[in-house]
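This report concerns the interior of a single model and a few of its lysine residues. The sequence and structure are shown first.

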Amino acid sequence: MNKALQSLYKEVILSRAKVPRYECKAPDLVPTIEAYNPLCGDKFYLYVSIEDGVFKELKFSGFGCSISKASTDVMCDALSHKTIQEGLLIIDTFLELIDDKSSVSPEQLTDSKELLAFAAARDFPERKTCANLGWEALRLHLQSL
């Protein structure tokens, strides 16, 4: 992993895990999706509001490691106010971005610093399930609509 990606990894993941922008602790909201990794115990509830095919609001609650928490927070940010089709494209891009088997470099996939921060998962495949937890759960939900 190059130095720029290492720096982003530290900057984005640590700051988003420490102070997530989309974390919600409102007990009156009903979760739309549960994202759970039984191997490590990370568990998030996603609150997704879609109106007229557009993500109106995305929030999450739960617990997990810094990578899964930061990744879920970045996902909420990246998809906010996007259409479902745009959202699916962003999800697919992110999942390829963290895939150690991808032949495309992370920088060719996106110029988003927030997304590029997770490219380090390519060097640590055991962290891929942390990074993709919320993304995979949301993708499965959207495909079932």
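The paragraphs below treat the nonpolar core, the aromatic pairs, the cavity and three lysines in turn.

The model is predicted, and its local features are reported only where pLDDT is at least 70.

**Nonpolar core**

In soluble globular proteins, nonpolar side chains tend to be buried together. Here the largest nonpolar core comprises 40 residues. The residues with the most contacts inside this core are Leu79, Phe94, Phe118, Trp135 and Leu138. At least two core residues come from each of helix H1 (3-18), strand S1 (33-36), strand S2 (43-51), strand S3 (54-63), helix H2 (66-79), helix H3 (84-97), helix H5 (113-116) and helix H6 (128-143). With residues up to four places away in sequence left out, Leu79 touches Phe55, Leu58, Gly87, Ile90, Ile91 and Leu138.

**Aromatic pairs**

A pair of aromatic rings is described by the distance of the centres and the angle of the planes. The structure contains three aromatic pairs, two of which are set out in the table.

| Pair | Centre to centre | Angle between planes | Geometry |
|---|---|---|---|
| Phe44 and Phe60 | 5.5 Å | 80° | edge-to-face |
| Phe94 and Phe118 | 5.7 Å | 70° | edge-to-face |

Phe44 belongs to strand S2 and Phe60 to strand S3, so their pair ties together parts that are 16 residues apart in sequence. Phe44 counts as buried, at 0% relative accessibility. Phe60 is likewise buried, with a relative accessible area of 0%.

In the pair of Phe94 and Phe118, the angle of 70° between the planes makes the arrangement edge-to-face, because planes over 60 degrees apart are classed in that way. Phe94 lies in helix H3, whereas Phe118 lies in the loop between H5 and H6, so this pair ties together parts that are 24 residues apart in sequence. Phe94 has a relative accessible area of 0% and is buried; Phe118 is also buried, at 1%. Ring pairs further link Phe94, Phe118 and Trp135 into a cluster.

**Cavity**

How many cavities of 30 Å³ or more does the model hold? The count comes to one. The volume of the largest cavity is about 50 Å³. Its lining consists of Tyr9, Ile13, Ile67, Phe118, Ala120, Ala121, Phe124, Arg127 and Ala131. Phe118 thus appears both in this lining and in the ring cluster with Phe94 and Trp135.

**Three lysines**

Lys43 lies over the face of Tyr36, at 5.2 Å from the ring centre.

Lys25 is located in the loop between H1 and S1. Lys25 counts as exposed because its relative accessibility of 71% is over the 50% cut-off. The C-alpha atoms of Lys25 and Gly62 are 8.5 Å apart in space, while the two residues are 37 residues apart in sequence.

Lys59 lies in strand S3. With a relative accessible area of 23%, Lys59 is partly exposed. Lys59 and Val48 are separated by 6.7 Å from C-alpha to C-alpha and are eleven residues apart in sequence. When neighbours within four places in sequence are set aside, the contacts of Lys59 are with Tyr22, Cys24, Tyr45, Leu46, Tyr47 and Cys76.

Definitions and conventions:
Residues numbered from 1 in each chain as written. Heavy atoms only, no water. Core = buried A, V, L, I, M, F, W, Y, C linked by side-chain atoms within 4.5 Å. Buried < 20%, exposed > 50% of the residue type's maximum accessible area, 1.4 Å probe, protein only. Helix = DSSP H or I, 4+ residues; strand = E, 2+ residues; numbered from the N terminus. Contact = heavy atoms within 4.5 Å. Phe/Tyr/Trp six-rings, centres within 6.5 Å; stacked < 30°, edge-to-face > 60°. Lys NZ or Arg CZ within 6 Å of the ring centre and 35° of its normal. 1 Å grid on protein atoms, 1.4 Å probe; cavity = no way out; pocket = protein on both sides within 12 Å on 5 of 7 lines; lining within 4 Å. Points joined across faces, edges and corners; volume = space filled by probe spheres on them.
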